[in-house]
Every structure is written in C-alpha cells, then in structure tokens.
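Grab a coffee and work through a few exercises on the structure below. Try each task yourself before reading its solution.

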Amino acid sequence: GGLLWKSKDLKKWNGPYNYIKIDTTSWMGSTPMIWAPELHKYNNKYYCITTFTNTKTIIETNPARYDVPRRSVHILVANKPEGPYQPINSNNYLPEEWATLDGTLWVENDKPYLVFSHDWMQLVDGAIKYVQLTQDLSEIDGDIHSLFNASEALWSRDMQAIGELTYGKALTGHVSDGPFVFRTHTGKLGMLWSSWGEQRYAQGVAYSESGSINGPWKQIDTPINRYNSGHAMIFRTLNGEPMMIMHRQSLDLESPGPRYPKLFKIDLSGNELLLKE
C-alpha cells in the first residue's frame with residue numbers, strides 16, 4: 001500500500017510512514033493500489049519506481065480471464081530518501097493499453113533504463129521488457145524491447161496446472177514478476193525475477209550472455225529460493241555488506257497469512273549470486 005519503515009540495524013524497525021504523494025487528478029485516480037515500490041539514488045536525487053492500479057478504469061475485457069484494470073509503472077522523485085515522493089510529471093511511461101508492473105532502474109554506460117514486467121494476466125505468458133529513459137528519468141527515450149518470457153525458465157509453472165487461483169479463477173499462464181538487475185564482482189550481469197514454481201512463489205535468476213541489458217538472457221534451471229518467497233532486491237547495509245531482501249508467505253494454502261520481509265546475506269564475488277545465511 002505504499003508505506004515505509006526505517007532501520008539502522010535491520011533488526012529493529014520504526015514505522016510505518018506515509019512517503020508517497022499521488023496526483024489524484026491523473027490516470028491513477030483518487031485511491032490507487034500501490035505495489036512493489038523500489039527506492040533508488042540516482043544523480044543526487046531519490047526515485048521511487050512503483051506500480052499504480054486504478055481499479056475503476058478497465059483497459060481490456062476478457063470473459064475467459066478477467067477484466068484488466070489500468071495498471072502501470074510510474075516514477076516519483078524526492079530530495080530525501082524518506083520522501084515525500086511525488087510523480088515527476090503526469091506523462092505515461094508505458095502504453096496505457098498495457099498492464100505493466102514491478103519496474104526497476106538499471107544504469108548501463110551512463111544510460112538509464114526502465115526494466116519492467118508486462119502482466120501475465122494480460123499476455124498469458126508474462127514478459128520482462130525494458131526501455132531507455134531520458135537522463136532525468138522524466139520520460140522514455142526509444143523503443144520498448146522484450147527480454148524474455150516467463151515460460152523460458154524450466155522451473156516456472158503454469159498457474160492453472162499447479163492449481164493456483166487468481167481472483168477466484170484458474171487462469172492458465174506463467175507469471176513474470178519483480179525484475180531487478182545487478183552485477184557480480186566479476187562483471188557478470190544478472191537479473192532477479194519471480195514466478196510460481198513447485199512450492200508456490202519462487203525466486204529465480206537469469207544472466208546476460210552478452211554482459212549487456214540487451215541479452216540474450218539465459219535462465220538458471222532451478223530457483224535460488226523456492227519456498228513461497230520472491231520478488232527480491234539487492235542492497236548494501238550501512239557497513240557495505242551486500243544483502244538481498246524478498247517477501248515471504250507461509251506455504252499453508254488455507255491460511256498463508258501476510259507477506260513478511262526476509263533478509264539474506266549473499267555472495268557476489270564470483271560469476272553467480274550465491275545465497276548465504
């Protein structure tokens with residue numbers, strides 16, 4: 001829902017704080033859902049890349065699946081990490097007829113890119129795509145390119161085949177969630193992303209064979225975490241230690257409860273990311 005917590009030691013947390021200010025006159029509407037926020041420091045400012053859903057605006061009707069609401073990635077800016085974050089402008093970053101989510105920022109050769117998911121509930125086989133941004137992140141600067149589809153990963157499972165219900169319906173398709181781009185210490189370019197696996201939500205990883213965001217991207221055959229955890233980001237602690245954060249939910253299908261943050265120490269020293277404790 002767009003709330004922020006603060007910590008100095010990753011053990012004790014203070015909050016929640018409101019940190020996002022929306023433009024209620026824009027396409028987002030007066031009470032949008034707010035999903036998957038990421039905070040990035042870039043060019044001495046702080047940016048929040050997040051997903052807004054206006055459930056009152058339907059962009060596509062499909063009786064066999066579900067009515068697709070207006071859902072899109074947008075970029076907000078602030079002068080401090082705790083905000084308040086406000087939309088840079090009212091521009092549409094991505095096509096309004098697309099349902100997009102889970103945007104992340106990647107900078108390569110001094111060029112900023114928006115990497116995002118094109119929703120599986122619209123495409124059936126969800127896709128990870130990217131587009132170059134202007135230097136101030138205010139708008140896109142070029143064509144949108146597709147990197148890969150969720151079904152390309154051997155571990156990704158069809159939602160209908162594994163019996164998962166989406167808004168009460170057994171929809172066929174493969175989920176593509178939460179891209180996050182990183183480099184290992186050897187310069188290997190990787191991408192974290194999530195889908196549904198054999199034990200519900202799972203955290204996968206792919207690596208670029210060219211070392212560039214353009215790919216091609218090769219999927220690792222097994223998820224690095226398969227126990228209903230995923231949508232990871234990498235960050236560094238105040239001591240400079242690399243860590244991964246993802247959200248976790250119980251494997252109990254009857255009462256899984258809320259999703260909680262789960263933190264992992266990681267090793268980035270080689271060609272592949274390794275989970276530690």
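Here come some ground rules, then five exercises with worked solutions.

This is a predicted model, so to speak of local features we need pLDDT of at least 70, side-chain atom pairs count only at pLDDT 80 or more, and totals for chains, interfaces and linings use all residues. Residues are numbered from 1 along each chain as its sequence is written, and side-chain values use heavy atoms, with hydrogens and water left out.

**Exercise 1. Place Thr100 and work out what surrounds it.**

Step 1: Find the element. Thr100 sits in strand β7, residues 100–108 (strands are DSSP runs of E of at least two residues, helices runs of H or I of at least four, both numbered from the N terminus).

Step 2: Check accessibility. Thr100 has 0% relative accessibility and so counts as buried (buried is under 20% relative accessible area, exposed over 50%, partly exposed in between, with a 1.4 Å probe and protein chains only).

Step 3: List the neighbours. Not counting residues up to four places away in sequence, Thr100 touches Thr51, Arg71, Ser72, Val73, Leu94, Phe116 and Ser117 (contact means heavy atoms within 4.5 Å). The Thr100 side chain also reaches the backbone nitrogen of Val73, at 3.3 Å.

**Exercise 2. Describe how β3 and β4 pair.**

Step 1: Get the direction. β3 (residues 33–42) and β4 (residues 45–60) run antiparallel and are joined by eight bridges (strands pair if DSSP finds at least two bridges between them).

Step 2: Pick out a pair. Lys41 has Tyr46 of β4 as its bridge partner.

Step 3: Look at the turn. The hairpin has two residues between the strands, and Asn43 takes a positive phi near 50 degrees there.

**Exercise 3. Which residues of the largest nonpolar core touch the most other members?**

Step 1: Rank the members. The core holds 18 residues, and Val115, Leu147, Met191, Ile213 and Trp217 come out on top (a nonpolar core is a set of buried Ala, Val, Leu, Ile, Met, Phe, Trp, Tyr and Cys residues joined through side-chain atoms within 4.5 Å).

Step 2: Trace the elements. Two or more residues come from each of β8 (111–118), β9 (127–132), β10 (145–149), β12 (189–197) and β13 (200–208). The biggest giver is β12, with three residues.

Step 3: Zoom in on Ile213. Leaving aside neighbours within four places in sequence, its contacts include Val115, Leu147 and Leu189.

**Exercise 4. How many salt bridges are there, and what do some of them link?**

Step 1: Count. There are five salt bridges (a side-chain nitrogen of Lys or Arg within 4 Å of a carboxyl oxygen of Asp or Glu).

Step 2: Take Asp119 and Arg71, whose closest N and O atoms are 2.9 Å apart. Asp119 lies in the loop between β8 and α1 (120–123) and Arg71 in β5 (residues 68–78), so the pair ties together parts 48 residues apart in sequence. Both Asp119 and Arg71 are buried.

Step 3: Take Glu198 and Arg157, which meet at 2.9 Å, N to O. Glu198 is in the loop between β12 and β13 and Arg157 in the loop between β10 and β11, so parts 41 residues apart in sequence are tied together. Glu198 is exposed at 62%, while Arg157 is partly exposed at 25%.

**Exercise 5. Is Trp155 buried or exposed?**

Step 1: Locate Trp155. It belongs to the loop between β10 and β11.

Step 2: Read the area. At 4% relative accessible area, Trp155 is buried.

Step 3: See what Trp155 packs against. Beyond four places in sequence, its contacts include Trp193, Trp196, Ile220 and Pro223.

Notes: A polar contact is a pair of N or O atoms within 3.5 Å; within protein, one must be able to donate a hydrogen and the other to accept it, and residues adjacent in sequence count only if both atoms are side-chain atoms.
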